[in-house]
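Q: Please take a close look at one part of this structure, the paired strands, and then work outward from there. I would like one connected account rather than a list.

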Amino acid sequence: YEEGELGPVYGFQWRKFGADYNNHNSKGVDQIQNIIDLIKNDPTSRRIILSAWNPVDLDKMALPPCHVMCQFNVSNNKLSCSLYQRSGDVGLGVPFNIASYSFLTHLIAHHCDLIPKDFVYFLGNAHIYEEHVDALKMQLNRECFDFPSLEIMKRHDNINDYTVNDFKVNNYKCHNKIEMTMKA
């Protein structure tokens with residue numbers, strides 16, 4: 001693939017699971033819409049699952065999915081998400097994945113008129129690259145700040161209608177960045 005092209009990974013599997021990646025008219029399963037429909041119509045289902053792991057497409061992907069499956073659970077009008085990640089770069093990938101799935105949990109909860117509750121994270125293989133050790137030691141010695149909060153200003157009828165302007169992050173405080181090289 002050309003730089004920036006990863007093949008039929010995450011977003012493709014989430015929205016067109018089973019479709020032919022090279023045929024834009026090919027239909028697949030929209031797992032995000034299925035999750036929303038299950039939450040709204042069968043919230044006690046134990047099958048509210050999102051999978052990025054599609055063995056048929058693995059050889060077409062630049063890198064097989066690291067965060068492979070999450071399950072949503074509704075209880076007492078609250079939404080929780082459990083993510084299983086098969087492999088995680090502790091320095092760069094893991095923080096991004098935690099933030100992304102936490103955001104997704106908030107978005108789906110908001111869209112389905114629920115309260116976001118828990119994000120539970122399982123990591124099968126955690127790895128720290130040698131080049132990241134000093135940077136991570138520096139990070140461990142930093143003061144922790146309070147978590148920011150996410151505000152979603154509108155509720156749309158269609159999940160596809162949300163834009164970046166619908167979201168506001170409040171009280172975000174961070175340290176200066178720590179440089180780490182991207183590894184794969």
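A: **The strand pairing and what surrounds it**

In this predicted model, β2 and β3 run antiparallel and are joined by eight bridges. β2 covers residues 67-75 and β3 covers residues 78-85. The two strands form a hairpin with two residues between them, and Asn76 there has a positive phi near 55°. Across this pair, Val74 stands opposite Leu79 of β3.

β3 also pairs with β5, residues 115-123, this time in the parallel sense and over seven bridges. Within that pairing, Ser82 has Val120 of β5 as its bridge partner. β3 thus has an antiparallel partner in β2 and a parallel one in β5.

Leu79 is a useful residue from which to follow the packing. Leaving aside residues up to four places away in sequence, Leu79 touches Phe72, Asn73 and Val74, as well as Ile39. The contacts of Leu79 also include Thr105, Ile108 and Ala109, together with a run from Leu114 through Ile115, Pro116 and Lys117 to Asp118.

Leu79 also belongs to the largest nonpolar core, which has 25 residues. Along with Ile39, Phe72 and Ile108, Leu79 is among the residues with the most contacts inside that core. At least two residues of this core come from each of α2 (31-41), β2, β3 and α3. The largest share, five residues, is from α3.

α3, residues 93-111, leads on from the core to the pockets. The largest pocket has a volume of about 1,600 Å³ and a lining of 36 residues. Nearest its centre lie Pro95, Ala99, Gln139, Phe147 and Tyr172. α3 gives the most to this lining, with nine residues, while α4 (133-140) and β7 (149-152) are among the elements that each supply at least two. By class, the lining of the largest pocket holds 22 nonpolar, eight polar and six charged residues.

α3 gives the most to the lining of the second largest pocket as well, here with five residues. β4 (88-89) also supplies at least two residues of that lining. The second largest pocket has a volume of about 650 Å³. Of the 24 residues that line the second largest pocket, Tyr10, Leu63, Cys66, Gly93 and Met182 lie nearest its centre. This lining divides into 13 nonpolar, eight polar and three charged residues.

Note on methods: Residues are numbered from 1 along each chain as its sequence is written. This is a predicted model: local features need pLDDT of at least 70, side-chain atom pairs count only at pLDDT 80 or more; totals for chains, interfaces and linings use all residues. Side-chain values use heavy atoms; hydrogens and water are left out. On a 1 Å grid over the protein atoms alone, a cavity is a set of points where a 1.4 Å probe fits but cannot get out, and a pocket is an open set with protein on both sides within 12 Å along at least five of seven lines; lining residues have an atom within 4 Å of a point. Grid points are joined across faces, edges and corners, and a volume is the space filled by probe spheres set on the points. Helices (H or I, at least four residues) and strands (E, at least two) are DSSP runs, numbered from the N terminus. Ala, Val, Leu, Ile, Met, Phe, Trp, Tyr, Cys and Pro count as nonpolar, Asp, Glu, Lys and Arg as charged, and the others, Gly among them, as polar. A nonpolar core is a set of buried Ala, Val, Leu, Ile, Met, Phe, Trp, Tyr and Cys residues joined through side-chain atoms within 4.5 Å. Buried means under 20% relative accessible area, exposed over 50%, partly exposed in between (1.4 Å probe, protein chains only). Contact means heavy atoms within 4.5 Å. Two strands pair if DSSP finds at least two bridges between them.
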